[in-house]
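Trainee: I would like to go through the terms used for this model and see what each one rests on.
Mentor: Go ahead; have the structure open beside you.

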Amino acid sequence: MKVSKLAANLIGSEIVKIGNEVNDLKAKGAEIANLTIGDLNSNLYPIPAELKEEIQKAYQNNLTNYPPANGLLSLRKEVSNDLKKRWNLDYDANDILITAGSRPLIYAVYKVIVDEGDKVIYPTPSWNNNHYAYLTSADAIEVKTTPENNFLPTAEELKPHLSGAVLLALCSPLNPTGTMFTEEQLSDICKLVLEENKRRGADEKPLYIMYDQIYSNLTFGTKHVDPVSLFPEMKEYTIYIDGISKCLAATGVRVGWGFGPANIIDKMKALLTHVGAWAPKPEQEATAKYYQNSDNVDAFVNEFKGRLEASLKVLHNGIQDLKGKGLAVESIEPMGALYLTIKLDYIGKTKPDGAIIENSSDLVFYLINEAGVALVPFSAFGEEKTEPWFRASVGGLAIDEIEVMMPKLENALNNLK
């Protein structure tokens, strides 16, 4: 049966494929250390108790009808207050759009800015930009990054591609690497964007930055930076993606927000009225009330990110121990989010059964079956399958589970020749 060309050529998620394999094995009784999912084990990392109570109250009070298309005013005001307090960003409640997590916002940014054939620039690895570019029929310009720059794009790497581009998609802390822009790195990029926009005529689209900072509160001693704080004139060209999914361990609560130029936010709101991507009203009401007490928010975030950092350090140190034993591995010290970047340089090696590890996916499934360890290859984030880099998410495991996992990983790697 025929379907649309768009549907016929959609690429399925490699992360979902790996997750399905893990779930099938676990259903058969296998013990798998699942480092694949950019999510949190809600038994290890529950949402704030006060937020849970407010959600329950909102349902008890029958706040179950439609919310306003751009989100409850009470929540948009609290987001506005938090942006001012936390980042010294001045955005009116009318410049803020609430949605069911960040995905509808990212999709809306692409749909509102990008016409078929328009040039969109994003680094690899990065989360899902290749798919959003496909969904909008963009001319996707993928800028390959390097481990020497923590897999973040430099101004020098981006500069040749900016002419004629309408969107530059950036994320910090970065999914999948957990690395972050320095002030100097981001400043250099913003200067290029401002210069490019000065060259454009009134009848041309500007070059916008979509700045995904959903992990901005989960940083480990490194200061989060953003375009408008560095250059106030970037306010005209920057659309931010943010929300509670990560910082409050609330991935399933589905409350995200975007903010930026009023003309873009208004068009995003209009688009999403046809998609119905609103965050549920009780969750919006509860989030607004929870954010009224910023001390509670800060206390939760600090405790939560401290636990994530501890887990990431255990994993990072474990990989470094394997490196010290002569294994062909490496990891980048975590800076933020819940991810560790790991290099497993075993592509081309031979398994005990004589089969060759031909690409990163082969290595992933070998480690699932032989070590009970599940990782996501960077090929799921736009890189080639020949790249030996992987994302490890610690959100689903306790520290003792990570410690138990390491000897199994070591043994499986040692069995590759």
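**Terms and the values behind them**

Mentor: Start with E410, which is buried at a relative accessible area of 19%. The model is a predicted one.

Trainee: Why is E410 called buried?
Mentor: Buried means under 20% relative accessible area. E410 has 19%, so the word applies.

Trainee: What makes K325 and E410 a salt bridge?
Mentor: The term requires a side-chain nitrogen of Lys or Arg within 4 Å of a carboxyl oxygen of Asp or Glu. In this pair the closest N and O atoms are 3.2 Å apart, so K325 and E410 qualify.

Trainee: Which parts of the chain does this pair tie together?
Mentor: K325 is in the loop between α12 and β9 (329-332), while E410 belongs to helix α14 (residues 399-414). The pair therefore ties together parts that are 85 residues apart in sequence.

Trainee: Is K325 buried or exposed?
Mentor: K325 is exposed, because its relative accessible area is 56% and the cut-off for that word is over 50%.

Trainee: Which residues are joined into one network by salt bridges that share partners?
Mentor: D82, K85, R86 and D298. The structure holds 15 salt bridges. One of them is K85 with D298, where the closest N and O atoms are 3.2 Å apart.

Trainee: How do you know that K85 and D298 link distant parts of the chain?
Mentor: K85 is in helix α4 and D298 in helix α12, and the two are 213 residues apart.

Trainee: Why are K85 and D298 called partly exposed?
Mentor: The term covers what lies between buried, under 20%, and exposed, over 50%. K85 has a relative accessible area of 47%, and D298 has 22%, so both values fall in between.

Trainee: What separates K313 and E309 in helix α12?
Mentor: About one helical turn, because the two residues are four apart in that helix. K313 and E309 form a salt bridge with the closest N and O atoms 3.5 Å apart, which is within the 4 Å limit. K313 is partly exposed at 43% relative accessible area, and E309 is partly exposed at 23%.

Trainee: Where is R307, and how far is its C-alpha atom from that of N263?
Mentor: R307 is in helix α12 (residues 294-324). Its C-alpha atom is separated from that of N263 by 40 Å, with their positions 44 residues apart along the chain. R307 is partly exposed, with a relative accessible area of 32%.

Trainee: Why is α3 called oblique to α11?
Mentor: The axes of helix α3 (residues 49-60) and helix α11 (residues 281-290) come within 8 Å and cross at roughly 135°. That makes α3 oblique to α11, because an angle must be over 145 degrees to count as roughly antiparallel, and 65 to 115 is the range for roughly perpendicular. The crossing of α3 past α11 is right-handed.

Trainee: What makes the phi of N62 worth a remark?
Mentor: Most residues other than glycine have a negative phi. N62 is not a glycine, yet its phi is positive, about 60°. N62 lies in the loop between α3 and α4 (73-87) and is exposed, with a relative accessible area of 60%.

Trainee: Is F151 buried or exposed?
Mentor: F151 is buried, because its relative accessible area is 1% and the cut-off is under 20%. F151 also has a positive phi, near 60°, and is found in the loop between β4 (139-144) and α7 (155-158).

Trainee: Which residues does a cis peptide bond join, and what is omega?
Mentor: One such bond joins T124 and P125, with omega about 5°. Another joins S172 and P173, with omega about -10°. P125 is in the loop between β3 (119-124) and α6 (129-135), and P173 is in the loop between β5 (165-171) and α8 (183-199). Most peptide bonds are trans.

Trainee: Which residues make the nonpolar surface patch?
Mentor: L6, L10 and Y134, over about 250 Å². A patch residue needs over 30% relative accessible area, and L10 has 46%, so L10 meets that cut-off and is partly exposed. L10 lies in the loop between α1 (5-8) and α2 (14-27).

Note on methods
Residues are numbered from 1 along each chain as its sequence is written. This is a predicted model: local features need pLDDT of at least 70, side-chain atom pairs count only at pLDDT 80 or more; totals for chains, interfaces and linings use all residues. Side-chain values use heavy atoms; hydrogens and water are left out. Patches are made of residues with over 30% relative accessible area and no salt bridge: like charges are joined within 9 Å, nonpolar side chains (Val, Leu, Ile, Met, Phe, Trp, Tyr) within 5 Å. Accessible areas come from the Shrake-Rupley method with a 1.4 Å probe; for residues, only the protein chains shown count as cover. Buried means under 20% relative accessible area, exposed over 50%, partly exposed in between (1.4 Å probe, protein chains only). Axes are lines fitted to C-alpha atoms, for helices over the stretch in contact, and angles run from 0 to 180 degrees between N-to-C directions. Angles under 35 degrees count as roughly parallel, over 145 as roughly antiparallel, 65 to 115 as roughly perpendicular and the rest as oblique. A crossing is left-handed if the near helix is turned anticlockwise from the far one by less than a right angle, and right-handed if clockwise.
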